[in-house]
Amino acid sequence: ARIARWAATPSTASWERGSGEKPGAFAASALALPAARSAGVLETEFTRAREIWERVPVLPPDQYEALVVQISEGCPWDRCHFCSLYRETPFRDRPLDEIERHLDEALVFLGASASRVRRVFLGQANALLRPTDELLQIFELIRRRISVPDPGMPPREQRMWLAAHLPSADGFYAFVDAFHKPRPVAEWRALADAGLRRVYIGLESGDGERLRELGKPLDPSRAVAMVDDLHEAGLAAGVILMTGIAPAADEERHRVLSAGVIDAMQLRTGDQVYLSPLVHPSGAPLEGMEVSEGDVVQSGPALTRMREALRAHVGRGVPIATYDLDRLGARTPRG
């Protein structure tokens, strides 16, 4: 009923997709299929999706329409005080045969909608910690089912190639931390040649002391070194900073040091910065702050100040977007 109301509402939007289709027409066509489904069919699809993916705790905002392929489960660290997304999920790398079965089930579930896949996100929290040779095998497994273009293909040619090779994706995307053993540039380059496009790093803060207080053993200089390596290998970086994780007295320090780290990364077109307001569901103590379980830290002004501080340290082609876990953290497998 809600979809039917949306479809009947006159559109005042000015945004258009690349095809030139008007927003209202696109919305009507996109909503027509789910509007025709009965509650029973939707319930069956929901149940099957849960069987295939179990849960997708969080994705970068630009990946909500990606096909999620769970090559690992949980988080290998899982001791950050500000995060409880993986507390009930022991970390493990899925074996190749399990990944293959999972991917095939996902593609069967999507059916004709597989033709709309444009990106593949490798879950869950730290999928790229696996050895490079294992990742290359996984990439090859996926590429046998989903076509991925050569990374050097010009944008216009790539769009035509993707349209002619359905199902297809422009590449692979994933989270990785910056405090485990670094990967040599040559191995990053091999992953880029095999289809990896962007790597997302949870920096959280440029204040190493604050990170240690919050249970994250990251020296921010390690994150800078990783971004340098990614750039040298031809890969893009997505860097995530948090707001609301420092007491009021230390907020300026958090902001200034974070801006300094972002400046040192020398981000460029293709890179992204996300600002994520703290959501504290874990009940773990946050040093120097009174935050109860379930609280959402209201840090709108802090987020605005952080955005303004960062703008002078990134190029014009680097977006600074909000990553609102409270609103966007729990999504269906395809977004």
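Here are two short exercises on helix packing and salt bridges in this predicted model.

Residues are numbered from 1 along each chain as its sequence is written. Local features need pLDDT of at least 70 and side-chain atom pairs count only at pLDDT 80 or more, while totals for chains, interfaces and linings use all residues, and side-chain values use heavy atoms, without hydrogens and water.

**Exercise 1.** Work out how helix α5 and helix α7 pack.

*Step 1.* Take the axes, lines fitted to C-alpha atoms over the stretch in contact, with angles from 0 to 180 degrees between N-to-C directions. For α5 (residues 132-143) and α7 (residues 185-193), the angle is about 5 degrees and the axes lie 10 Å apart.

*Step 2.* Classify the angle: α5 and α7 are therefore roughly parallel (under 35 degrees).

*Step 3.* List the contacts (heavy atoms within 4.5 Å). Thr-132, Leu-135, Leu-136, Phe-139 and Arg-143 of α5 meet Glu-187, Ala-190, Leu-191 and Asp-193 of α7.

**Exercise 2.** Find where the salt bridge partners Glu-204 and Lys-216 lie, and decide whether each is buried or exposed.

*Step 1.* Check the pair against the cut-off (a side-chain nitrogen of Lys or Arg within 4 Å of a carboxyl oxygen of Asp or Glu). The closest N and O atoms of Glu-204 and Lys-216 are 2.9 Å apart.

*Step 2.* Place the partners: Glu-204 sits in strand β6 (residues 196-204), and Lys-216 in the loop between α8 (208-213) and α9 (220-232), 12 residues apart.

*Step 3.* Apply the accessibility cut-off (buried means under 20% relative accessible area, with a 1.4 Å probe and protein chains only). Glu-204 is buried at 8%, and Lys-216 is buried at 8%.

Technical notes. Helix = DSSP H or I, 4+ residues; strand = E, 2+ residues; numbered from the N terminus. Parallel < 35°, antiparallel > 145°, perpendicular 65-115°, else oblique. Buried < 20%, exposed > 50% of the residue type's maximum accessible area, 1.4 Å probe, protein only.
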